[in-house]
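Q: Please take a close look at one part of the structure shown below. A formal account of how its elements are joined and arranged would be welcome.

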Amino acid sequence: MRTAELDYELPEAAIAQQPIEPRHASRLLDTRDLTDNTFIDLPGLLEPGDLVVVNTTRVRRARLRGTRDGTGGSVEALLLERIGDRRFSALVRPARRLRSGVLVRFGTVEGRVLTDPVDGRVELEIGGSGDVEAVIETVGEMPLPPYINHPIDDAARYQTIYGNRPGSSAAPTAGLHISEQVLAVLKSREIEVAAVDLEVGLDTFRPITTDRVGEHTIHRERYRLPIETAERVVETREGGGRVVAVGTTAVRVLETAALVGGRVEPGEGTTDLFILPGFRFQVVDLLVTNFHLPRSTLVALIAAFIGPGWRRVYATALQRGYRFLSFGDAMLAARQ
């Protein structure tokens, strides 16, 4: 498959720059019949006995700004993945000046570069005492996507309301639409909510630059699938319900852990699952997701899930003025 087949024209005006209030006031396109809804309507588009699976990862305040010890030169680091007690893989700039052994001061916190940069990435050790995540929370900034041109007033709007385990470099954006009211209505309709955790990395969102999609490499991301969630999937299947994934990250966890018969294997691990057209989905029946960047792995997943009709869905959304990308609107899609 050529990457050009995942391309479409995305006008800059269609890229949402601010989250809508309240969360559930965003629009929701039901791709099954191309009807317009509001996200608060989601529970009514599902059936009692369905299972909604969300990604409970929390976005780390991963953007650190500081100065190089000794020279005072400005340094910026984006923490990508925790690889040790206080060690992180980080994207830094200016990378050419940050060799192994260099000290950087991020406010009151000291960081030490442990490796020479490779493609702008280094291993970075965060100093201080106590919980390192708490330290980062005090000195870091929210790592908003590069297409967001201005900071948001409330950093909590780039977090889901149920996120509880810091580790992601980007938000699982489909979950940003879910409010306490949506959860309450799901419960009243006897639709359960279950959790998985996938630490979202930036590579998930970056455009594919190779000519052929299959030549692109997705980096591994850590995931956790609790026993309780695996049990809920079995119960849902046995009861005739459907598994509804909120976001492409939840899809990747569930399909990575897929077993025969639509069951899933609980546990922890890493996944580099790259879902392309032709992929056979075994677990997920319905998908709630935002509208994604052209030529991205996420559009590839949507094309695999919906089929060739994804183009009509995206064209319809653009024509009707839907808002795209992280702070944009959402769609509810059924597996082809």
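A: Strands E13 and E15 run antiparallel and are joined by 5 bridges. Pairing requires that DSSP find at least two bridges between two strands; strands (E, at least two residues) and helices (H or I, at least four residues) are DSSP runs, numbered from the N terminus. The model is a predicted one, in which local features need pLDDT of at least 70 and side-chain atom pairs count only at pLDDT 80 or more, while totals for chains, interfaces and linings use all residues. Residues are numbered from 1 along each chain as its sequence is written, and side-chain values use heavy atoms, with hydrogens and water left out.

Within the E13–E15 pair, Arg 224 has Glu 268 of E15 as its bridge partner. E13 also pairs with E12, in the antiparallel sense over 2 bridges; here the bridge partner of Leu 198 is Tyr 223, which lies in E13. As for exposure, E13 is mostly covered, with 4 of its 5 residues buried, where buried means under 20% relative accessible area, exposed over 50%, and partly exposed in between (1.4 Å probe, protein chains only).

These strands belong to an open sheet of 9 strands with mixed pairing, in the order E2-E1-E17-E16-E14-E3-E12-E13-E15. Strand E2 (35–38) and strand E15 (267–271) each have a single partner strand and stand at the edges, so one side of each is left without a neighbour in the sheet. On average, neighbouring strands of this sheet are turned by 25° against each other, direction ignored. Axes are lines fitted to C-alpha atoms, for helices over the stretch in contact, and angles run from 0 to 180 degrees between N-to-C directions.

The parallel sense also occurs in this sheet: strand E3 (residues 51–55) pairs in this way with strand E14 (residues 243–246), over 3 bridges. Val 52 has Val 244 of E14 as its bridge partner.

Two helices lie across strands of the sheet, contact being defined by heavy atoms within 4.5 Å. Helix H5 (residues 248–256) lies across E3, strand E12 (192–198), strand E13 (221–225), E14, E15 and strand E16 (286–290). Its direction is at about 85° to E12. Helix H6 (residues 297–306) lies across E16 and strand E17 (330–334), and runs at about 40° to E17. E16 is thus among the strands listed for both H5 and H6.
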